[in-house]
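This briefing covers the pockets, a cavity, two groups of strands, the disulfide and one loop residue of a single chain. Points are grouped by topic.

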Amino acid sequence: EPYAYVDYTDTSGNTVIAEYAVGADGVFDASSARVVLTVEQPYENHNGGDLAFGPDGMLYISLGDGGAAADPLRTSLNTGVLLGKLLRIDPRPAGTASYGIPADNPFVGVDGARGEVWSYGLRNPWRFSFDPATGDLWIGDVGQGDWEEIDVAPDDVLAAGAGVNFGWSAWEGTHRYNDDQTPEGAMPPVYEYPHGDDGCSVTGGVVYRGAAIPSMEGWYLFADWCSGKLWAMPADTEPGGDMASVRVLTLAQPGSVSAIVTDQAGEVLVLSLGEGTVARVVPA
């Protein structure tokens with residue numbers, strides 16, 4: 001029986017991961033709802049909210065640092081809490097547990113750490129994805145007040161982010177932030193941009209592996225919530241990439257770009273929350 005998974009904020013403000021059985025007609029069976037995981041949220045913002053199955057069949061879940069501003073609870077670099085992390089779980093384990101923790105997760109058996117944690121040092125990971133051709137992990141992590149960043153963990157080097165520290169809140173992008181947080185060991189973003197004309201809140205996207213736009217094969221598409229700009233950068237860009245490696249594709253919408261996803265054919269769709277539209281990326 002097929003199942004679908006959703007990530008939502010409940011009326012108490014907490015993050016809930018829930019499972020639904022899916023009928024042959026593609027409709028969720030509301031009566032089948034099962035809560036897989038609940039995470040208490042201390043503030044009203046920075047819930048993250050994305051989830052996806054990885055190439056390994058495990059369920060990955062992004063969680064922000066819990067909110068307010070400037071990581072006041074210092075959650076992101078603390079592997080003993082789930083906030084500020086990318087989690088990896090088995091949503092349908094054997095037995096009665098609501099979910100399982102894969103034995104090869106990087107913090108399994110580490111004193112004081114949560115075994116669900118896959119990657120850490122994230123502020124508000126708003127959309128992540130796996131490159132369907134390589135398995136590389138891409139994350140758009142929303143910055144504090146000055147810098148937005150794109151993170152990538154190559155699958156052939158870093159097992160798609162296993163145990164990777166992406167830096168927040170010791171760093172905002174490549175810029176030192178909270179002095180009381182350890183700066184060593186952080187992976188720098190592959191790309192960052194300042195607040196201003198380009199926007200103020202990154203929306204992570206996808207690596208294009210479709211057929212309709214051959215010139216975009218192997219490029220990562222991402223956007224900004226505030227400006228509505230849509231960019232593409234080569235998926236093989238090294239950390240520290242600059243604007244010279246990034247193409248501005250279009251002003252996708254007048255802001256509010258909430259997600260960039262692919263359809264079953266691998267073609268790219270851009271969702272705008274403000275406009276309530278779904279736009280397809282097509283050749284110029």
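In this predicted model, the largest pocket has a lining of 21 residues, and F128, S129, F130, V206 and T262 are the ones nearest its centre. The space in this pocket comes to about 400 Å³. The second largest pocket holds about 260 Å³, and the search of the whole structure also finds one cavity of 30 Å³ or more.

**Largest pocket**

- Two or more lining residues come from each of β4 (51-53), β8 (125-130), β14 and β18.
- By residue class, the lining of the largest pocket has 12 nonpolar, six polar and three charged members.

**Second largest pocket**

- Its lining is made up of 15 residues, with L230, L249, T250, V281 and V282 lying nearest the centre.
- The elements that supply two or more residues to this lining are β17 (247-251) and β20.
- The lining of the second largest pocket contains 12 nonpolar residues, two polar ones and one charged one.

**Cavity**

- The largest cavity has a volume of about 40 Å³.
- Around the cavity stand R123, D141, V142, G143, Q144, E149, W168, W171, E172 and G173.
- The cavity lining divides into four charged, three polar and three nonpolar residues.

**Strands β18, β19 and β20**

- Strand β19 (residues 268-272) is largely enclosed by the rest of the structure, because four of its five residues are buried.
- On one side, β19 pairs with β18 (residues 257-262) through five bridges, and the two strands run antiparallel.
- The residue of β18 opposite L271 is A259.
- Five residues separate the strands of the β18 and β19 hairpin, where G266 has a positive phi near 85°.
- β19 is also joined to β20 (residues 277-280), by four bridges and again in the antiparallel sense.
- In this second pairing, L271 faces V278 of β20; L271 thus has A259 as its opposite residue in one pairing and V278 in the other.
- The hairpin of β19 and β20 has four residues between the strands, and G276 in its turn takes a positive phi of about 70°.

**Strands β1, β2 and β3**

- Seven of the seven residues of strand β2 (residues 15-21) are buried, so the strand is largely enclosed by the rest of the structure.
- In a regular strand, side chains alternate between the two faces of the sheet.
- Both faces of β2 are covered, with T15, I17, E19 and A21 buried on one side and V16, A18 and Y20 buried on the other.
- β2 pairs with β1 (residues 3-9) over seven bridges in the antiparallel sense.
- T9 of β1 has T15 of β2 as its bridge partner.
- The hairpin of β1 and β2 has five residues between the strands, and G13 there shows a positive phi near 90°.
- β2 also pairs with β3 (residues 34-39), antiparallel and over five bridges.
- The bridge partner of T15 in β3 is V39; T15 is also the partner of T9.

**Disulfide**

- The model has one disulfide, formed by C200 and C226 with their sulfur atoms 1.8 Å apart.
- The two cysteines are 26 residues apart and link distant parts of the chain: C200 sits in the loop between β13 (191-194) and β14 (202-207), and C226 in the loop between β15 (219-224) and β16 (229-234).
- The link is left-handed, with -55° about the S-S bond.
- C200 counts as partly exposed because its relative accessibility is 33%.
- C226 is likewise partly exposed, at a relative accessible area of 34%.

**Loop residue R114**

- R114 belongs to the loop between β6 (85-89) and β7 (117-120).
- With a relative accessibility of 31%, R114 counts as partly exposed.
- Leaving out residues up to four places away in sequence, R114 is in contact with T79, G80, V81, L82, Y99 and F107.
- One of these contacts is T79; R114 and T79 are 35 residues apart in sequence, while their C-alpha atoms are 6.2 Å apart.

Conventions
Residues numbered from 1 in each chain as written. Predicted model: local features only at pLDDT ≥ 70, side-chain atom pairs only at ≥ 80, totals over all residues. Heavy atoms only, no water. Disulfide = S-S within 2.5 Å. Buried < 20%, exposed > 50% of the residue type's maximum accessible area, 1.4 Å probe, protein only. Pairing = 2+ DSSP bridges. 1 Å grid on protein atoms, 1.4 Å probe; cavity = no way out; pocket = protein on both sides within 12 Å on 5 of 7 lines; lining within 4 Å. Points joined across faces, edges and corners; volume = space filled by probe spheres on them. Nonpolar A, V, L, I, M, F, W, Y, C, P; charged D, E, K, R; others polar. Contact = heavy atoms within 4.5 Å.
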